[in-house]
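User: Please examine the model below with me. I should like to discuss its ligand site, its domains and its local geometry.

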Amino acid sequence: MNEQQQMIAEMADDLFADLSARKTSDSSWEAIESVGLPSLMVDADRGGFGGNWCDAVIVFRLAGYRALALPVVEATIAAALADGAFDGRGTIAPAAEGTLAGDRFDGTITGAAWAEGAAYVVAPAPGGGSMILDMAQASIGGAANIAGEPRANLAFQGATARRLPADIFALGALARAAQIAGALDASLAMSVAYVNERKQFGRPLAKFQAVQQSLATFACEAAAANCAALGAAQAQGRGDGDYAIAAAKLRANRAVGVGTALAHQVHGAIGFTHEYPLHPLTRRLWAWRSEFGGDSHWSGVLGDRICARGADQFWADLTAVTD
Amino acid sequence: MQTFVPESITWPDTAPALRAQVRALVAAHVDRGDPRRLANSWAVPDPRFSRALGAAGLIGMTWPQSYGGHERSPLERYVVLEELLAAGAPVGAHWIADRQTGALLIRYGTEEARERWVPGMARGEIYACIGLSEPNAGSDLASVRATARHDGDDWILDGQKVWTTNAHHAHVMIALMRTEEGSERNAGLSQFLVPMDAPGVSIRPIIDLTGGHDFNEVFFDGVRLPANALVGVEGDGWRQVTAELSLERSGPERYLSSTALLIELIRRAGAHPDTAVRALIGRLAAETWTLRLMSASIAVKIARGEDPALEATMVKDLGNSFEQAIPELVQAAVEVDPAGPEPLGLVLGHLLQLSPSFSLRGGTREILKGIIARGLGLR
Ligand SMILES: Cc1cc2nc3c(=O)[nH]c(=O)nc-3n(C[C@H](O)[C@H](O)[C@H](O)COP(=O)(O)OP(=O)(O)OC[C@H]3O[C@@H](n4cnc5c(N)ncnc54)[C@H](O)[C@@H]3O)c2cc1C
């Protein structure tokens, strides 16, 4: 991390830790806005931080680490894409169905995060690319993911939409990979602390080799998710994130299975209670594994791409994305 | 908690040129007739290829020019290594000398030993083997019992090493010996440079389960060596050995051993694979992509002068598990005879048999996880 990233990370982590410890309210979002976090990737000449994807991934990871129940990730991406065209908080969604004729959209957007109170939404456009719409035109059908994070379906009729070249589905996947990395690190930290404290058979669980080996496995998975998320952010920053984002979301998704299973296993029954703070992390991990593309989606995308190029291009293509 | 701090890797500007250079060398020198030789290729010795690499300046890349090295950056070296392994090049003859022995001699060796051995290593002509394991010292390496004792100005070596890869091709061994009589565990150990043709050194092949001859037993029977055979400081052997571990454990050879099989799988899949094979290829590619960043992150940290021992251990554990899982996953996904004659089958059959060794050599999975657990504060 460079100096500026260190600064952003400290600021965001303090704020997220503080906000997560309290019950969220309207004033919580104001606290996020007041430090300007959602304009992290907005150009400096528009009053933003002018940050890049690596900066953003640091913040997104911390939002995951703190299981932050606020749409800072979605608002930051939306603001970067809106480029000053809207005021207020924006959000993003992974899917849309319907028709986009000229600048008129008829159809539904599904899975929009924290749609209630959002001023605008960025979603995939039918036929490719993305589109951005004013939320005043939407009728909102509320729902939530399995972690209780708001996810809504939005119906539009003859709504005005502006096309964007960005691939919001991929950008959402990159963000979820970073959140997964953070939430895995947090569940690992909680697990390590727990097994050092809890005693059975007259000694801390941490002293049992089976427990040690489980958590070592977990640590490797968390490490892989972290490296994948940062690597994808770097690739996106270089202007070619397609391959890396597919690989990163897929790798992060795979870490979810191992990580959540081991976190719960070493916690025993206490980790299965509503009161204990493990489930805000693990339930989010299970939800995020599906959002913006599950394993079958991204392995298909990557597999197709590689097979289309052929065996002898496999390694050359893999290295070309970083050279 | 963040146990692995990923690096924003800046690949060298010279990387594309180095890749092109390696690919041309491989195209000119490597016989692709038997696809099995492309798998786990850092265990496949080919002195002719090693000499060609040496002549091209691609061995000892980071060593000082005064010892025949080329003073390139660690990441430039990394690029060359990953290209060689991904291409299945037979780099087994010089691999150990290039990875650790040359650097060890430059760091701890006497001036005489450096001048005697290192330039030949850089030329791809002098090869090395690692004498750590003994019949009663495997994971518990501190149980080493082979001895070296003073006799006037000389040293006399007695005892046995085992599982010594390439002892039969190597010119020198770096051996970990007990130098203090009655010392226990990791105290009283020292490293020695043993010429394999020294009187009293004998080698007995051990045939592995595939029928191959890679590793050996090595016996020392009153082997007399001059004072300067000691590498580094007497009694400091344990510290010197463990200091090499980050480099040994995190290189691209720790995750690329089964890449030849992935490449054959892609070839067999063609442009329109079925869903299961396509998904498997995507998954293995994602894992390869991630491990590459992790492994290169370690190279960056080492280049900065850090010793990322914990992170390097994670790379080896994840990497070995990955390269070990590939054969089984491929066998489950495609109907192919692992006895051949299809290339995919041949490589599969070969790796099914070899892959159990991936999580043994260089420190077993359980030992690695123990090290990681200590890093997590569990022991
Ligand atoms: C292909 C190959 C090449 C090799 N090349 C070399 C070489 O060139 N030079 C060299 O010196 N050595 C070499 N080795 C040896 C290698 O380093 C050892 O095999 C390894 O350190 C394990 O030792 P061991 O085989 O004696 O197994 P053991 O130590 O007997 O272990 C057997 C099993 O018990 C487990 N175990 C042991 N202790 C513990 C513990 N405390 N807790 C939990 N589980 C434990 C191990 O993880 C393993 O699964 C090579 C090995 C292989 C397979």
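Analyst: A polar contact is a pair of N or O atoms within 3.5 Å; within protein, one atom must be able to donate a hydrogen and the other to accept it, and residues adjacent in sequence count only if both atoms are side-chain atoms. The model is predicted: local features need pLDDT of at least 70 and side-chain atom pairs pLDDT 80 or more, while totals for chains, interfaces and linings use all residues, and side-chain values use heavy atoms, without hydrogens and water. Residues are numbered from 1 along each chain as its sequence is written, with chains lettered from A and ligands numbered from 1 in the order in which they are written.

User: Which nitrogen-to-side-chain distance links the ligand to Thr165(B)?

Analyst: Thr165(B) is among the closest of the 15 residues that surround the ligand (a heavy atom within 4 Å). The ligand also has an oxygen atom 3.0 Å from a polar backbone atom of Leu132(B), and a nitrogen atom 2.9 Å from one of Trp163(B). For the polar side-chain atom of Thr165(B), the distance to a ligand nitrogen is 2.7 Å.

User: How much of the ligand's accessible area does the protein cover?

Analyst: The areas come from the Shrake-Rupley method with a 1.4 Å probe. On its own, the ligand has 960 Å² of accessible area, and the part covered by the protein is 63%.

User: Between which domains of chain B does the ligand lie?

Analyst: Residues from chains A and B surround the ligand, so the site is shared between chains. In chain B, an automatic or database assignment gives domain 1 (15-126), domain 2 (130-236) and domain 3 (251-375). The C-alpha centres of domain 2 and domain 3 of chain B are 31 Å apart. Two of these domains give residues to the shell, so the ligand lies between domain 2 and domain 3 of chain B.

User: What percentage of residues 129-223 of chain B is strand?

Analyst: UniProt, in an unreviewed entry, places "domain: Acyl-CoA oxidase/dehydrogenase middle" at this span; such annotations may be inferred rather than shown by experiment. The end C-alpha atoms of residues 129-223 of chain B are 17 Å apart. Helices (H or I, at least four residues) and strands (E, at least two) are DSSP runs, numbered from the N terminus. The span is 0% helix, and its strand content is 52%.

User: How far apart in sequence are the parts that Trp42(B) and Trp95(B) tie together?

Analyst: The structure holds ten aromatic pairs over all chains, where Phe, Tyr and Trp rings (for Trp, the six-membered ring) pair if their centres lie within 6.5 Å, with planes under 30 degrees apart stacked, over 60 edge-to-face and the rest tilted. Trp42(B) and Trp95(B) have ring centres 6.1 Å apart and planes at 45 degrees, so this pair is tilted. Because Trp42(B) lies in the loop between α1 (15-29) and α2 (47-55) of chain B and Trp95(B) in helix α4 (residues 95-108) of chain B, the parts tied together are apart in sequence by 53 residues.

User: Which residue does a cis peptide bond join to Gly340(B)?

Analyst: Most peptide bonds are trans. Here omega is about 10 degrees. The partner sits in the loop between α10 (309-333) and α11 (343-354) of chain B; Gly340(B) is joined to Pro341(B).
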